[in-house]
Amino acid sequence: KLFFLNDLWIPTLIRLLTLIFSFLSFITLFSILSEIYKLEKFKLFILSFIIIFGPVTGFWTISAKPDFNYLFFELFAFYLSLKYLDKLNFKILIFIFFILFLSFSTKQTSVVLLLSLFFYLLINQNFKKIFIFLLTFFSLNALSFYILGNEAFENIFLHGGYGIELQFNHFLLVFFDFLSKSLHVFIPFIALSFLRTKKFFNLQNNKSKFLIIVLLFSLIQVIPSFHIGSAVNYYFIFYFSVCIYMFNFFCNKDFNFNQTEKKLIIFFNLIQVCLIVMVLSGIKGNTTPYEYKNVKKFKQCLIDKNVEGKGFLDNLKYYRLPWISNQNDSNPLIVTMVYEIETKEIDIEERPIFKVIKNGKFDYLVIKGSQDDAKIKYDLNKYNFIGNCYANQELSIFINNY
């Protein structure tokens, strides 16, 4: 509003905001490593940069998603917890829990530091501080939901009342995606966990204990990755925790890697380099968020069919992005923003979008599946079928006949 920008600027502005939070996360991670390891600043700088802007995070650092927004707050709480671990007075504790509330209110999967700090206080029998923790965190949430209303609670925790579907196959896809981008850290971490358990999990001081607690609780992030719609971003805090913990052994002069461990680390680092080169050389993956071959085919198909005007796209993942669809003020593109899994139990004729289509309010429709599938799904009496477009899936095109 301040700069007289239309709604199509929203994704770009959010991307810029995400990039700012990514750099703030980088600075915070650098501070965390500086707090734990007394090394040259340049080495810590390089490591922090690789972790935050490396293969695992990829384009998430400029995405229109809230992950780096909440990660900054969670990492900041991590840093404060480490810095004041042995002198956690009530003022510092309340401030940390306020930061964790900001993290949780940004994305509700942000529970790793909340649980870690709670458990750390519990094993140290700091019951007064636990009471302060519970009072602060739940009071802030209660106040928020009082202001936002009950509907906000349902939308946030029950996915708009439709529930959340978990799928093991989807979890495997996400996990192997994460694994392929973290081989250089994750495999050596697993190996050392088994080969050097006693030395690897050393409880020599409070910071070591706290790092192990955070590492263990970061595994909780595996659970939401079963949710359809999740991606490798659900593993970010786990990845950061592993990197922070692993670096301890690369910096510890008393910890000597044997030949087998050195070869293992070198081997998986080389594989990681090969995978990165495959992306950069164009063999696999994308080097820019604008390279969607399926979308290009779809665009060309619409051009060939002379389709223009106000359109509706039915649950199409990438085609609806404004920087891909080329929509503008005079040619808006309306899309359904609800996952298909959420509409399974809903009578589609009761959905407002069904009635809008039935009344012929769009110039054209793009619906997944065949012509017959589309007619079963919607009332298309005011539209004529003009053909199909094929990219990674079949799309049926209908044009308004009025």
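In the predicted model, strand 3 (residues 364-368) and strand 5 (residues 394-400) pair in the antiparallel sense, the pairing being made over five bridges. Within this pairing, V366 has I397 of strand 5 as its bridge partner. Strand 3 also pairs with strand 1 (residues 311-313), in this case through three bridges and with the two strands running parallel. Here the bridge partner of G311 is Y364 of strand 3. Strand 3 thus takes part in a parallel pairing with strand 1 and in an antiparallel pairing with strand 5. As to solvent exposure, strand 3 is mostly covered, since four of its five residues are buried.

Turning to the helices, helix 4 (residues 90-106) packs against helix 6 (residues 127-148) at an angle of about 40 degrees, and the axes of the two helices lie 9 Å apart. Because angles under 35 degrees count as roughly parallel, helix 4 and helix 6 are therefore classed as oblique to each other. The crossing of helix 4 past helix 6 is right-handed. On the side of helix 4, the contact is made by F90, L93, I94, F97, F98, L100, F101 and F104, while helix 6 contributes K128, K129, I132, F133, T136, F137, L140, N141 and S144. Sorted by class, the residues in this contact of helix 4 with helix 6 comprise twelve nonpolar, three polar and two charged ones.

Helix 4 packs against helix 5 (residues 112-123) as well, at an angle of about 150 degrees and with the axes 10 Å apart. Since angles over 145 degrees count as roughly antiparallel, this angle makes helix 4 roughly antiparallel to helix 5. The residues of helix 4 that make the contact are L93, I96, F97, L100 and F104, and they meet L113, L114, L117 and L121 of helix 5. In terms of class, the contact of helix 4 with helix 5 consists of nine nonpolar residues, with no polar and no charged ones. Among the residues of helix 4, L93, F97, L100 and F104 are listed both in the contact with helix 6 and in that with helix 5.

A further set of contacts concerns K297, which is found in helix 14 (residues 293-304). K297 and C389 are separated by 92 residues in sequence, whereas their C-alpha atoms are 8.1 Å apart in space. When the neighbours of K297 within four places in sequence are left aside, K297 is in contact with Y390 and A391.

Terms used
Residues numbered from 1 in each chain as written. Predicted model: local features only at pLDDT ≥ 70, side-chain atom pairs only at ≥ 80, totals over all residues. Heavy atoms only, no water. Axes fitted to C-alpha atoms, helices over the stretch in contact; angles between N-to-C directions. Parallel < 35°, antiparallel > 145°, perpendicular 65-115°, else oblique. Left-handed = near helix turned anticlockwise from the far one by under 90°. Contact = heavy atoms within 4.5 Å. Nonpolar A, V, L, I, M, F, W, Y, C, P; charged D, E, K, R; others polar. Buried < 20%, exposed > 50% of the residue type's maximum accessible area, 1.4 Å probe, protein only. Pairing = 2+ DSSP bridges.
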